[in-house]
Amino acid sequence: MLQEPLPPDLDQELRFELTSGERLLWSGRPNRGIILRASDWFSLLFGIFWLGFVIFWMWGAASSGAPIFFILFGVPFFLVGLFLVGGRFILDAIQRRRMVYAVTNQRVLILQGVVNRSVRSINLRALPEILLSVRGNGSGSILFGQASPYGHAYRSMGWMGMPGMTAFENIPNVRQVHEIILKAQREAGDYSSDPAQSR
């Protein structure tokens, strides 16, 4: 599975973030479309239960002749249920369409956001633990730091101000990207420890 080149607008945005002397070693995007992760099953089942209860409550209020206020009161809860069951997966797919991952000779970068764009970056010499997850088709994820069971849910609710996890998630040829990061990390460390290079 080959990595598709970035669209011109995203490529230009990425290169605008590079500092003087910074070289781009790799760039890519996460896989697109609706993705259902293992960590999503609990929240999905909870959302189905929530939505079913709200529909039952609103139907009961309407069939009993309750004032319209009681029916309208359930509308916000109904919308929350729709978001839990399907809306957040659509939002996640939209966010991934505008997400960019990059590795340079100095940093790893994540450009994200649909309306308000933000850049998350970690210096190669300060990278925390790197966790590699590979699927059978060669795609997978690279997580920088300790994994959180709530990371995926946080990222899909980034529009609410929740923190996104620092990871290259759902990328093709993940082993190749992992090797690029490790090599760049080693070279960055060698550069900093060489007195002739650090003057």
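Start by selecting I130 and F144: F144, in β6, is the bridge partner of I130. As you look around, keep in mind that this is a predicted model.

**Stop 1: the sheet around that bridge**

Now widen the selection to β5 and to strand β6, residues 140-144; the two pair in the antiparallel sense over five bridges. Add β7 and you have an open sheet of three strands, in the order β5-β6-β7 and with antiparallel pairing. The strands at its edges are β5 (130-134) and β7, each of which pairs on one side only. Between neighbouring strands here, the average turn is 5 degrees, direction ignored.

**Stop 2: a ring pair that spans the chain**

Next, show the aromatic side chains, where you can look for eight aromatic pairs in the structure. One of them is made by W26 and F168: their centres are 5.7 Å apart, the planes stand at 35 degrees, and the pair is classed as tilted. Where in the chain do W26 and F168 sit? W26 belongs to strand β1 and F168 to strand β7 (residues 167-171), so to speak two distant parts of the chain, 142 residues apart.

**Stop 3: the four-stranded sheet**

Let W26 lead you to β1, and select β1 through β4. These four strands make an open sheet in the order β1-β2-β3-β4, and the pairing is antiparallel. Why is one side of β1 and of β4 left without a neighbour in the sheet? Because β1 (24-28) and β4 (118-123) stand at the edges, each has a single partner strand. Neighbouring strands of this sheet are turned against each other by 15 degrees on average, direction ignored.

For a closer look, pick strand β2 (residues 100-104) and strand β3 (residues 107-112), which are paired in the antiparallel sense over four bridges. Here A102 stands opposite L109 in β3.

Then add helix α1, residues 8-17: this helix lies across β1, β2, β3 and β4 and runs at about 135 degrees to β3.

**Stop 4: two crossing helices**

Finally, select helix α2 (residues 41-63) and helix α4 (residues 75-97). Their axes come within 9 Å and cross at roughly 150 degrees. The two helices, α2 and α4, are therefore roughly antiparallel to each other, and their crossing is left-handed.

Turn on the side chains to see who meets whom. On the α2 side, the residues include F46, W50, L51 and M58, and on the α4 side they include F77, F78, L82 and F89. R88 of α4 also takes part, as do G47 of α2 and G81 of α4. What classes of residue make up the contact of α2 with α4? It has 16 nonpolar, three polar and one charged residues.

Technical notes
Residues are numbered from 1 along each chain as its sequence is written. This is a predicted model: local features need pLDDT of at least 70, side-chain atom pairs count only at pLDDT 80 or more; totals for chains, interfaces and linings use all residues. Side-chain values use heavy atoms; hydrogens and water are left out. Two strands pair if DSSP finds at least two bridges between them. Axes are lines fitted to C-alpha atoms, for helices over the stretch in contact, and angles run from 0 to 180 degrees between N-to-C directions. Contact means heavy atoms within 4.5 Å. Angles under 35 degrees count as roughly parallel, over 145 as roughly antiparallel, 65 to 115 as roughly perpendicular and the rest as oblique. A crossing is left-handed if the near helix is turned anticlockwise from the far one by less than a right angle, and right-handed if clockwise. Ala, Val, Leu, Ile, Met, Phe, Trp, Tyr, Cys and Pro count as nonpolar, Asp, Glu, Lys and Arg as charged, and the others, Gly among them, as polar. Rings of Phe, Tyr and Trp (its six-membered ring) pair if their centres lie within 6.5 Å; planes under 30 degrees apart count as stacked, over 60 as edge-to-face and the rest as tilted.
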